[in-house]
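Trainee: I am new to this structure and would like a close look at one part of it, namely the salt bridges. Could you take me through them slowly and place them within the chain as a whole?

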Amino acid sequence: MANRLLSVGSTFPEFKKTSVVSLEKGNEFYDITSEDHKNAEKWMVMFWWPKDFTFVCPTEIAEFGKHVDDFADRDTVLIGASTDSEFVHLAWRKNHDDLRDLRFPMLADTSKSLAEELGILEANEKIAYRVTYIVDPQGVIRWVSVNDLSVGRNVNEVIRVLDALQTDELCPCNWVKGEATLA
């Protein structure tokens, strides 16, 4: 299988998926759509991990969780996703100390339809690579980063790139918020 990664300039695919949003009985699940962030006129960061109940994944998910207010301050909806079911996500959150109090949804792409449309499935196991998308309020992909299965990503870099994109100006190498842009 050859991956055809959906990339910068493409419209993020339409979707409606169940996600885990709480551990509270009766309020665990919520359906998220591709229209939610657009209707709210917000940016979206969607990050994918390969499998629940693994070793590298919770380090990334917990780190994104530590920065949930940073994304909110940037008018950005944060969504975590994998091809595991919402029931597996819920069990993992209940079982893992670092995931219990997450304040962003864990999207379940059980059918793998969204991951397949994005072109991010690993060929053998059909699990998602570690992919991060930054999508603007109009639904256009503005940044994508892909890591192999064994390497975690840097959440601070995601925030740095989001800051740069939101300036709508030319940002030099290693630019960080507060520095001068080139425009």
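Mentor: Before we begin, one definition is needed: a residue counts as buried when its relative accessible area is under 20%, as exposed when that area is over 50%, and as partly exposed in between. Please also keep in mind that what you see is a predicted model.

The general idea behind your request is that side chains of opposite charge can pair when their charged atoms come close. In this structure there are eleven salt bridges, and I will go through three of them, beginning with the pair formed by arginine 153 and glutamate 60, whose closest N and O atoms are 2.9 Å apart. This pair links distant parts of the chain, since arginine 153 sits in the loop between strand 7 (141–147) and helix 6 (155–167), while glutamate 60 belongs to helix 2 (residues 57–66), 93 residues away. Both arginine 153 and glutamate 60 are buried. The pair also has a further partner, for Glu60, Arg130 and Arg153 are linked in a network of salt bridges.

Helix 2 also holds another salt bridge, in which the side chains of lysine 66 and glutamate 63 meet with an N to O distance of 3.6 Å. Here the two residues, lysine 66 and glutamate 63, are three residues apart within helix 2, which is about one turn of the helix. Lysine 66 has a relative accessible area of 65% and therefore counts as exposed, whereas glutamate 63, at 25% relative accessibility, counts as partly exposed.

The next pair is arginine 100 with aspartate 97, whose side chains meet in a salt bridge at 2.2 Å, N to O. Aspartate 97 is exposed because its relative accessible area is 59%, which is over the 50% cut-off, while arginine 100, at 31% relative accessibility, counts as partly exposed.

It helps to look at leucine 102 as well, which lies in the loop between helix 4 (86–95) and strand 5 (106–108). Leucine 102 has a relative accessible area of 8%, so this residue counts as buried. Leaving aside residues up to four places away in sequence, leucine 102 touches Ile61, Gly65 and Arg93. By contrast, the C-alpha atoms of leucine 102 and lysine 126, which are 24 residues apart along the chain, are separated by 26 Å.

Now we can step back to the chain as a whole, which has six helices and seven strands, running from the N terminus in the order β-β-α-β-α-α-β-α-β-α-β-β-α. For 183 residues, a compact globule would have a radius of gyration near 16 Å, and the chain agrees with this, having 16 Å; its C-alpha atoms fill a box of roughly 50 × 40 × 30 Å along the principal axes. Of these 183 residues, 48% count as buried, and among the contacts between residues at least 6 apart in sequence, 67% join residues at least 24 apart. The accessible surface of the chain comes to about 9,200 Å², and 48% of this area belongs to carbon and sulfur atoms. As for the charges, the chain carries 20 positive and 31 negative side chains, with the centres of the two sets lying 3 Å apart.

Technical notes: Residues numbered from 1 in each chain as written. Predicted model: local features only at pLDDT ≥ 70, side-chain atom pairs only at ≥ 80, totals over all residues. Heavy atoms only, no water. Salt bridge = Lys/Arg side-chain N within 4 Å of Asp/Glu carboxyl O. Helix = DSSP H or I, 4+ residues; strand = E, 2+ residues; numbered from the N terminus. Buried < 20%, exposed > 50% of the residue type's maximum accessible area, 1.4 Å probe, protein only. Rg over C-alpha atoms; globule rule 2.2 N^0.38 Å. Contact = heavy atoms within 4.5 Å. Areas by Shrake-Rupley, 256 points an atom, 1.4 Å probe, with all protein chains shown as cover. Lys, Arg positive; Asp, Glu negative; His and termini not counted. Charge placed at Lys NZ, Arg CZ, Asp CG, Glu CD.
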